[in-house]
Amino acid sequence: MLDKIKTLFAFPDALDEQQKRAAYLLRVLLVLTNLFTLLAAVISGLTSDPEISMETRVFLVTAVALLFMLLWLIQSGRVKTAGYIFVASYWLLITGMTFYSGGLSNGLYFIFILTLVVFAGGVLGGWQALGLAVVSILVSLAMLILGMFALMPIPMMRMNLSPFVRWLSYAGAFLLTGFTIYLVRRGQAAIIQEMQYNEVSLATSNRELESARQLLETRVDARTRELDRRSRYMEAAANIAYASSEILDVEQLMREVVDLIREQFELYYVGLFTLDDSETWAVLRSGTGHAGKAMLSRHHRIKVGEGMIGWCIANGQSRFAQRAEVDAVRLVNPELPETRAEAALPLRSRGHVLGAISAQSTRADFFDPETVTVLQTMADLVAVALDNAQLYQQSQASLETARRAYGDISREAWNKLLQTREGWGYQYTDYALTEARGKWRAEMKQAATANQQVLVKDDGVYSLAIPIAVRDQVIGVINFRRMESEGDWTAEDIELLESLAGQLGQVLENARLLVDTRLAANREAMVAELTAHMRETLDVDSVLRTAIREMSEMLNIPKVEVRMGELADVD
């Protein structure tokens, strides 16, 4: 039983703080009201007649039943419903008792109504309290008017109270009203305190949110700067890779590389060194800015093993100084006074160090490990590109030497071939092909000498002479002629005929090579056949006779003679 009563007075977990305060106020007021009712009933029973005592007992039972019902509603979480029932029940009770006890002659009505209005404001809300006050005023006005016109019903309840009981009733009413106002004020103070606490909490949360926002913005800005920096690095690496794949000239490649690195990394100075033939000195080959030009003009070089450049070449590793002025290895360059941080990056290709790149910045702590890693990656790309460019130049030089040698062979072969065919040529006139006879025309000689097309007009004829060249050697000339009535040679005609003359030169060279190849093959076959005949016998005398006979027959030589012996035996 006690546990059930405790359960009725417990607050459900589903209530929020405001509902719990309203439930607490309602529960306290219920208990006080019932205690006051019980006390008034006891006093009334002791001082009144038996009939009134019976009415008091019925009222007491009703009040207790209402108490437990309202406590059950509160425990069920329906606080406002319990509040409405409480206000409505006690308003009806107070109004009914006032109406049937002679009207407003008893001043307790206004005290109890004031208590209910205050309570309604604390539990139900301001508008509900205002509505209750307006209704109570109208009802009291109605009872006043009915009393003035003697329309009030005959009092059913007689209130013949002694002065002490009447004082006690007023004192209880005052106490109940005061305590209700105290509870409402306490609830309001709690609400205000909670609001102040919430305001402080909100301000703290706002400050924390602001700090978090600023921290987030700082991180976003830092991340954005980091992404921008990485984007620049990737762009620089892409540009370096593109330049390395497109530029085959070593000097141009080195100039492009130092300019790209300086621009993309916003550096103070970038220089590129390569080893000399003795691999003792690192020679500056390209540098940025006025300092670079000055050092190039005086042939700036650093001995391998000295300074950051010499150290990184000797060790094949990158070296960077976040505070350039305190680095023990670095050499101070008076032409670069604003350097605050420096990095030296070896140029490594195929297991060999070709040189190094010097990168310098006006900002201290610029070359962090990530930046140095990116720069070293680009330096490796540059090293491979330089190595490839040097190999390409060497191969081009070798190819040019081979071309010159082959050109000499080709010219010698054509000279021999042309010497065997004096006056070699053909002409096509009036749809007939005949051998060309007589001397060369003047424009043909001029085209052969100048190795370019010659256009002349003679006796109403437009003559166009175009040289036939093989590896810059003129081996012939084609002469095109048309009458004046047929029109002059246009640029398109000349371009087409020059292209055909070039193709003719290639075809003639291929034909000559084919003839040479066939002659070589015939010679090889002849030598092989002669050797085979000579190997048919192992007798020395038979070998000699077979050799001179086969040589005479195969080479169509009428007389062949062979003698054997030492020079001392010859008379």
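The structure holds 12 salt bridges, a salt bridge being a side-chain nitrogen of Lys or Arg within 4 Å of a carboxyl oxygen of Asp or Glu. The model is predicted: local features need pLDDT of at least 70, side-chain atom pairs count only at pLDDT 80 or more, and totals for chains, interfaces and linings use all residues. Residues are numbered from 1 along each chain as its sequence is written, and side-chain values use heavy atoms, with hydrogens and water left out.

**Exercise 1.** Find which residues are linked with Arg213 in a network of salt bridges.

Solution. Start with glutamate 210. Its side chain meets that of arginine 213 at 2.3 Å, N to O. The two sit 3 residues apart in helix α7 (residues 163-246), about one helical turn. Helices here are DSSP runs of H or I, at least four residues; strands are runs of E, at least two; both are numbered from the N terminus.

Next, take glutamate 217. Its closest approach to arginine 213 is also a salt bridge, with N and O 2.3 Å apart. This pair is 4 residues apart in α7, again about one helical turn.

Result: Glu210, Arg213 and Glu217 form the network.

**Exercise 2.** State whether arginine 213 is buried, partly exposed or exposed.

Solution. Apply the cut-offs: buried is under 20% relative accessible area, exposed is over 50%, and partly exposed lies in between (1.4 Å probe, protein chains only). Arginine 213 has 36%, so the residue is partly exposed. Glutamate 210, at 31%, is partly exposed. Glutamate 217, at 39%, is partly exposed too.

**Exercise 3.** Work out which parts the salt bridge between arginine 323 and aspartate 365 ties together.

Solution. First, the distance: 2.6 Å, N to O. Then place the residues. Arginine 323 lies in the loop between β4 and β5 (341-349), and aspartate 365 in the loop between β6 and α11 (369-420). So the pair ties together parts 42 residues apart in sequence.

**Exercise 4.** Give the strand order of the open sheet and name its edges.

Solution. The order of the 6 strands is β3-β2-β1-β6-β5-β4, with antiparallel pairing. Two strands pair if DSSP finds at least two bridges between them. β3 (301-303) and β4 (319-321) each have a single partner strand, so they stand at the edges.

Now look at one edge. β2 (residues 281-287) pairs with β3 over 3 bridges, in the antiparallel sense. Within this pair, tryptophan 281 stands opposite lysine 303 in β3.
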